[in-house]
Amino acid sequence: MTVNVKLDTNRAWQNAHAAILGNREALLAIAGVFFFLPSLAFALLYPQPPAVQGAMTPEQAMVFIEKFYRESFPFMLAVTVAQIVGAMAILRLYAGTGRPTVGNAIGKGAVDTLAFFAAMILVWLAGSLAASLVVGLGVASGAQAVAGVAAAVAFAGLLYVSLRVILVMPIIAVEGLRKPVAALQRSWALTRGNVGRIVLFLLLLLLAYAVIVGVVASLLGIVFALILGATGGKIAVAIVSSALGAVFTLYLFTSLAAIHRQLAGPSRGELRSTFD
C-alpha cells in the first residue's frame with residue numbers, strides 16, 4: 001500500500017537545481033545532444049508557419065497549418081523520441097542504482113523509452129475511447145450547449161489523467177518498472193492528493209520559461225537582425241531559443257525526478273550530487 005505524502009514543491013525545485021549545478025558538465029552534454037541539437041535542427045528545417053497571413057481566411061489558415069504539421073510530423077516524431085531517450089538517460093543518472101556511466105544510462109534509457117511509449121499508447125487509447133463516448137453522448141443530445149459541456153468535460157478528464165500518469169518516466173527509469181500497466185498504476189497511486197501542487201509547480205516553471213524566451217527572443221531578434229541580417233538573425237534566434245528550451249527541458253525532467261523521490265521515498269532513488 002502506498003502512503004501518500006504532501007509534496008513540497010519548493011524542496012523539489014531546490015533539489016533539482018542543486019543536482020543540476022553539481023552535475024552540470026554531464027547533464028548539459030546530454031541536454032545538448034538530445035534536447036538542443038534536435039530542437040535546433042527542427043527549427044531550421046521547419047520554421048514555424050505564421051499564425052496569420054494577410055488575405056487568408058480561417059479555413060485557408062487551418063489548411064496551411066495542417067500541411068505544415070503533416071509534412072513535419074516524421075521529423076517531429078524523431079525529435080520527440082530523441083528527447084525522451086535523453087530524459088530517460090538523465091533520470092537514470094540522476095536517481096538510478098549502481099552509479100551508471102553516461103553511456104550505460106543512454107543505452108538503458110533507449111530501452112526505457114520503449115516501455116514509456118507502450119504506457120502512453122495505452123493512455124491514449126483509453127483516453128480517446130472515453131473522450132469519444134462523452135463527446136458522442138453530448139452530440140447525440142442534439143443540444144449545442146450540452147455538446148459543448150461534454151467536450152469541456154472530456155478535455156478536463158484527459159488533462160487530469162495526464163497529470164496522474166506524469167511520473168511514469170521516473171518510475172520506469174528509477175524503479176525499473178517497465179510493465180506499462182504497472183507503471184501507470186504506480187504513478188496514479190503516487191500522485192494521489194498532489195495533483196494541484198504538481199499543476200502549480202509545472203505552471204510556474206512553464207510561465208518562467210515562456211517569459212524568459214519571449215523577452216530574450218524579442219530583444220535578441222532585433223539585435224541579431226541588425227547585425228546579421230534577416231536570415232542570419234533568424235538562425236541566431238533559433239540557436240538561442242533552442243538552448244533555452246534545452247535548459248528548460250533539463251529542469252523539467254530533473255524536477256520530475258525530485259517530485260518522484262519525494263512521493264516514492266528516498267529508498268526509491270536518491271538524487272545524486274555526483275555520478276560517473
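Q: On a 1 Å grid over the protein atoms alone, a pocket is an open set of points where a 1.4 Å probe fits, with protein on both sides within 12 Å along at least five of seven lines, and lining residues have an atom within 4 Å of a point. Which residues lie nearest the centre of the second largest pocket?
A: This is a predicted model, where local features need pLDDT of at least 70, side-chain atom pairs count only at pLDDT 80 or more, and totals for chains, interfaces and linings use all residues. Residues are numbered from 1 along each chain as its sequence is written, and side-chain values use heavy atoms, leaving out hydrogens and water. The second largest pocket has a volume (the space filled by probe spheres set on the points) of about 430 Å³. Its lining has 18 residues, and nearest the centre are Ser39, Phe42, Gln83, Tyr209 and Gly245.

Q: Which element gives the largest share of the lining of the second largest pocket?
A: The second largest pocket has 18 lining residues. Helix H2 (24–45), H3 and H8 each give two or more residues to this lining. With 8 residues, the largest share comes from H8.

Q: How many helices does the protein chain have?
A: Helices are DSSP runs of H or I with at least four residues, and strands are runs of E with at least two, numbered from the N terminus. From the N terminus on, the elements run α-α-α-α-α-α-α-α. There are 0 strands, and the number of helices is 8.

Q: How much space lies in the largest pocket?
A: Let's start with the lining, which has 26 residues, with Phe116, Ile166, Met169, Leu252 and Phe253 nearest the centre. Two or more lining residues come from each of helix H3 (58–95), helix H4 (102–140), helix H5 (144–164), helix H6 (168–175) and H8. H8 gives the largest share, 10 residues. The space in the largest pocket is about 900 Å³.

Q: How many residues in the lining of the largest pocket are nonpolar?
A: Ala, Val, Leu, Ile, Met, Phe, Trp, Tyr, Cys and Pro count as nonpolar, Asp, Glu, Lys and Arg as charged, and the others as polar. No charged residues and 4 polar ones are found in this lining, and the nonpolar count is 22.

Q: Is Asp112 buried or exposed?
A: Asp112 forms a salt bridge (a side-chain nitrogen of Lys or Arg within 4 Å of a carboxyl oxygen of Asp or Glu) with Arg92, their closest N and O atoms being 2.6 Å apart. This pair links helix H4, home of Asp112, to helix H3, home of Arg92, across 20 residues. Buried means under 20% relative accessible area, exposed over 50%, and partly exposed in between. Because its relative accessibility is 0%, Asp112 counts as buried.

Q: Which residues do salt bridges that share partners join into one network?
A: Arg178 and Asp112 also meet in a salt bridge, at 2.8 Å from N to O. Arg178 is in the loop between H6 and helix H7 (180–190) and Asp112 in helix H4, so this pair ties together parts 66 residues apart in sequence. Elsewhere, Glu175 and Arg186 form a salt bridge at 3.1 Å, N to O. Through shared partners, one network is formed by Arg92, Asp112 and Arg178.

Q: How much space lies in the largest cavity?
A: A cavity is a set of points where the probe fits but cannot get out. The lining here is Val213, Val216, Ala217, Leu220, Val237, Val240, Ser241 and Leu244. A search of the whole structure finds 1 cavity of 30 Å³ or more, and the space in the largest cavity is about 30 Å³.

Key: Buried < 20%, exposed > 50% of the residue type's maximum accessible area, 1.4 Å probe, protein only.
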